[in-house]
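Biologist: I am new to this structure and would like a close look at a single part of it, with its surroundings. Please take me through it slowly, and explain each term as it comes up.

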Amino acid sequence: RILAEGINPALAPDGKSIVFAMQAGRSVHLFRINTDGSDLIQVTDARSVDVQPSWSSDGKWILFTSNRADADMRKKGKSQWDIWAIGSDGRNLTQITRDAARDGAARMGKDGRIYFHSDRAISKEMLHQHQVKSAAAHSFHIWTIGWPTTAQQ
């Protein structure tokens with residue numbers, strides 16, 4: 001098997017493995033490999049684009065950005081991008097965000113919360129409350145959510 005060029009590498013908290021995205025046909029999947037180059041494992045497998053992986057602080061979960069919620073690859077216009085999590089073993093796929101906006105680049109903070117960027121609409125009240133003066137209501141901002149109760153951490 002010939003490997004394509006991998007993107008978005010993320011080193012596991014224990015330093016023993018790397019997760020990255022790699023194109024396979026018309027899809028992009030996540031793969032995990034040991035830092036010594038052994039044990040290449042495909043983690044995700046769907047007709048979608050799975051990118052921007054990162055690790056949970058305990059190394060048990062991989063957070064990533066995907067369009068798998070509306071992965072009709074022939075669809076024109078804006079795609080829905082959400083944050084997903086999957087066990088480092090490729091099990092327990094869990095959708096973290098569900099929004100028509102473009103959510104991406106999730107990272108887990110030391111506080112256990114998930115931080116990500118999104119172009120979700122922001123109300124004028126929220127802009128005023130956070131004293132944001134120059135941002136458009138539909139530009140990218142940083143958001144945070146707690147770990148979902150539906151996922152076992």
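Modeller: Three strands, in the order 9-10-11, form an open sheet in which the pairing is antiparallel. Strands here are DSSP runs of E with at least two residues, numbered from the N terminus, and two of them pair if DSSP finds at least two bridges between them. Strand 9 (103–108) and strand 11 (141–145) are the edges of this sheet, and because each has a single partner strand, one side of each is left without a neighbour in the sheet. From one strand to the next the twist averages 25 degrees, where the axes are lines fitted to C-alpha atoms and the angles run from 0 to 180 degrees between N-to-C directions. Strand 9 is joined to strand 10 (residues 114–118) by 4 bridges, and D103 has S118 of strand 10 opposite it.

Before going further, please keep in mind that this is a predicted model, in which local features need pLDDT of at least 70 and side-chain atom pairs count only at pLDDT 80 or more, while totals for chains, interfaces and linings use all residues. Residues are numbered from 1 along each chain as its sequence is written, and side-chain values use heavy atoms, with hydrogens and water left out.

The part I would look at most closely is the pairing of strand 2 (residues 17–24) with strand 3 (residues 27–34). These two strands run antiparallel and are joined over 8 bridges, with V19 standing opposite R32 of strand 3. Their hairpin has 2 residues between the strands, and in it G25 takes a positive phi near 70 degrees. Strand 3 has 7 of its 8 residues buried, so it is largely enclosed by the rest of the structure; buried means under 20% relative accessible area, as opposed to exposed at over 50% and partly exposed in between, with a 1.4 Å probe and protein chains only. On the strand 2 side, S17 has 9% relative accessibility and therefore counts as buried. Residues up to four places away in sequence aside, S17 touches several others, including L11, R32, I33 and W55, a contact being heavy atoms within 4.5 Å.

Strand 3 also pairs in the antiparallel sense with strand 4 (residues 41–42), through 2 bridges, and here R32 has I41 as its bridge partner. The hairpin of strand 3 and strand 4 has 6 residues between the strands, and its G37 takes a positive phi near 90 degrees.

Aromatic rings add further links, and the structure holds 2 aromatic pairs. Rings of Phe, Tyr and Trp (its six-membered ring) pair if their centres lie within 6.5 Å, and planes under 30 degrees apart count as stacked, over 60 as edge-to-face and the rest as tilted. The ring centres of F20 and F31 are 5.9 Å apart and their planes stand at 20 degrees, so this pair is stacked. Since F20 lies in strand 2 and F31 in strand 3, the pair ties together parts that are 11 residues apart in sequence, and both F20 and F31 are buried. The pair of W61 and W147 is edge-to-face, with 5.3 Å from centre to centre and 65 degrees between the planes. It links distant parts of the chain, as W61 is in strand 6 (residues 61–66) and W147 in the segment after strand 11, 86 residues apart. W61, at 4% relative accessibility, counts as buried.

Strand 6 is joined in turn to strand 5 by 4 bridges, in the antiparallel sense, and V51 stands opposite T65 of strand 6. Of the 6 residues of strand 5 (residues 50–55), 5 are buried.

These strands meet again in the largest nonpolar core, which has 14 residues, those with the most contacts inside it being V19, L30, W55 and I62. Two or more residues of this core come from each of strand 2, strand 3, strand 5, strand 6 and strand 7 (82–87). A nonpolar core is a set of buried Ala, Val, Leu, Ile, Met, Phe, Trp, Tyr and Cys residues joined through side-chain atoms within 4.5 Å. Beyond its neighbours within four places in sequence, I62 is in contact with residues including V19, L30, W55 and W84. Apart from this core lies another, of 12 residues, with M108, I114, F116 and W143 among them.
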